[in-house]
Amino acid sequence: MVNYQSLTGKEFVYGTQDCFTLVCDYYKLMGVLLPDFERPDDLETTSSIFLEQAEAYGFYEIDMAERRIGDVLIMRLMTRTPMHAAIYVGADKILHQRFNSLSAIEPFGRYYRQSVAAVYRYATGDVSR
């Protein structure tokens, strides 16, 4: 199991400490280095970067009912396209970095469930070890 506690309580800084940075930091704890990308200036006029690049980053889409620890949930939270990423950490909880908030573990409740556009697993399989 990945000890991700060090990733909580971080201040949001777009492009430096945002939801994708948190995903990269989580996978880095497992020895997986994900490439970063330049963030778009306007999230309302861009398409979902993760949905477009997931396969190139080594992820494949799975059914939400099959989710397990370490899977990445791509959500549409107050944007036109799904631009938010969270990590499923088990026990119906997610680790994520919301806009202008501290990174945190939150319940994977109804609001977040309804916002999920896709669930991705890293190609090496089970990252919960």
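This tour proceeds through the structure one selection at a time. The model is a predicted one, and residues are numbered from 1 along each chain.

**Helix α1**

Begin by selecting α1, residues 19–28. Eight of the ten residues of this helix are buried, so α1 is largely enclosed by the rest of the structure. To see which positions are involved, colour C19, F20, T21, L22, V23, C24, Y26 and Y27, the buried residues of α1. Next, display what covers them: the cover includes α2, β1 (59–62), β2 (72–75), β3, β4 and β6.

Within the helix, select T21. Its relative accessible area is 11%, so T21 is classed as buried, the cut-off being under 20%. With neighbours within four places in sequence set aside, T21 is in contact with T16 and R39. The second of these partners, R39, leads to the next stop.

**R39 and its network**

Select R39, which counts as buried at 11% relative accessibility. Adding D36 to the selection shows a salt bridge between D36 and R39, in which the closest N and O atoms are 2.5 Å apart. How many salt bridges are there by this rule? The count comes to six.

Two further salt bridges may be displayed in turn. Select E106 together with R98: their side chains meet in a salt bridge, at 3.4 Å from N to O. R98 is partly exposed, with a relative accessible area of 35%. Salt bridges that share partners also join D18, D36 and R39 into one network, and D18 may therefore be added to the view of D36 and R39.

**D92 and R113**

Move to D92, in the loop between β3 and β4. D92 forms a salt bridge with R113, the closest N and O atoms lying 2.8 Å apart. Because D92 belongs to the loop between β3 (84–90) and β4 (93–96) while R113 belongs to helix α3 (residues 110–115), the pair ties together parts that are 21 residues apart in sequence. Both ends of this bridge can be examined for exposure: D92 is partly exposed, with a relative accessible area of 34%, and R113 is partly exposed, with a value of 27%.

With D92 still selected, turn to the backbone. Phi of D92 is near 55°, a positive value in a residue other than glycine. Most residues other than glycine have a negative phi.

**N100**

A further positive phi is found at N100, where the angle is about 55° although the residue is not a glycine. Select N100 in the loop between β4 and β5 (104–107). Is N100 buried or exposed? At 57% relative accessibility, N100 counts as exposed.

**The loop between α1 and α2**

Return to the segment that follows α1 and select L34, which is placed in the loop between α1 and α2. L34 counts as buried, at 12% relative accessibility. Which residues does L34 touch, not counting those up to four places away in sequence? Display V23, C24, Y27, Y57, F59 and Y122. Of these, V23, C24 and Y27 have already appeared among the buried residues of α1. For a distance to draw, take the C-alpha atoms of L34 and T8: these residues are 26 apart along the chain, and the atoms are separated by 19 Å.

In the loop between α1 (19–28) and α2 (49–53), select D41. D41 is exposed, with a relative accessible area of 83%. Extending the selection to E38, D42 and E44 shows a patch of negative charge on the surface, in which these residues gather with D41.

**Strand β6**

Finish at A117, whose place is in strand β6 (residues 116–122). A117 is partly exposed, with a relative accessible area of 43%. Display E61, I74, M75 and P82, with which A117 is in contact when its neighbours within four places in sequence are left aside. A last distance can be drawn from A117 to H84: the two are 33 residues apart in sequence and 9.8 Å apart in space, C-alpha to C-alpha. Strand β6 is also among the elements that cover the buried residues of α1, where the tour began.

Note on methods:
Predicted model: local features only at pLDDT ≥ 70, side-chain atom pairs only at ≥ 80, totals over all residues. Heavy atoms only, no water. Patch = residues over 30% accessible without salt bridge, like charges linked within 9 Å, V, L, I, M, F, W, Y side chains within 5 Å. Areas by Shrake-Rupley, 256 points an atom, 1.4 Å probe, with all protein chains shown as cover. Salt bridge = Lys/Arg side-chain N within 4 Å of Asp/Glu carboxyl O. Lys, Arg positive; Asp, Glu negative; His and termini not counted. Charge placed at Lys NZ, Arg CZ, Asp CG, Glu CD. Helix = DSSP H or I, 4+ residues; strand = E, 2+ residues; numbered from the N terminus. Buried < 20%, exposed > 50% of the residue type's maximum accessible area, 1.4 Å probe, protein only. Contact = heavy atoms within 4.5 Å.
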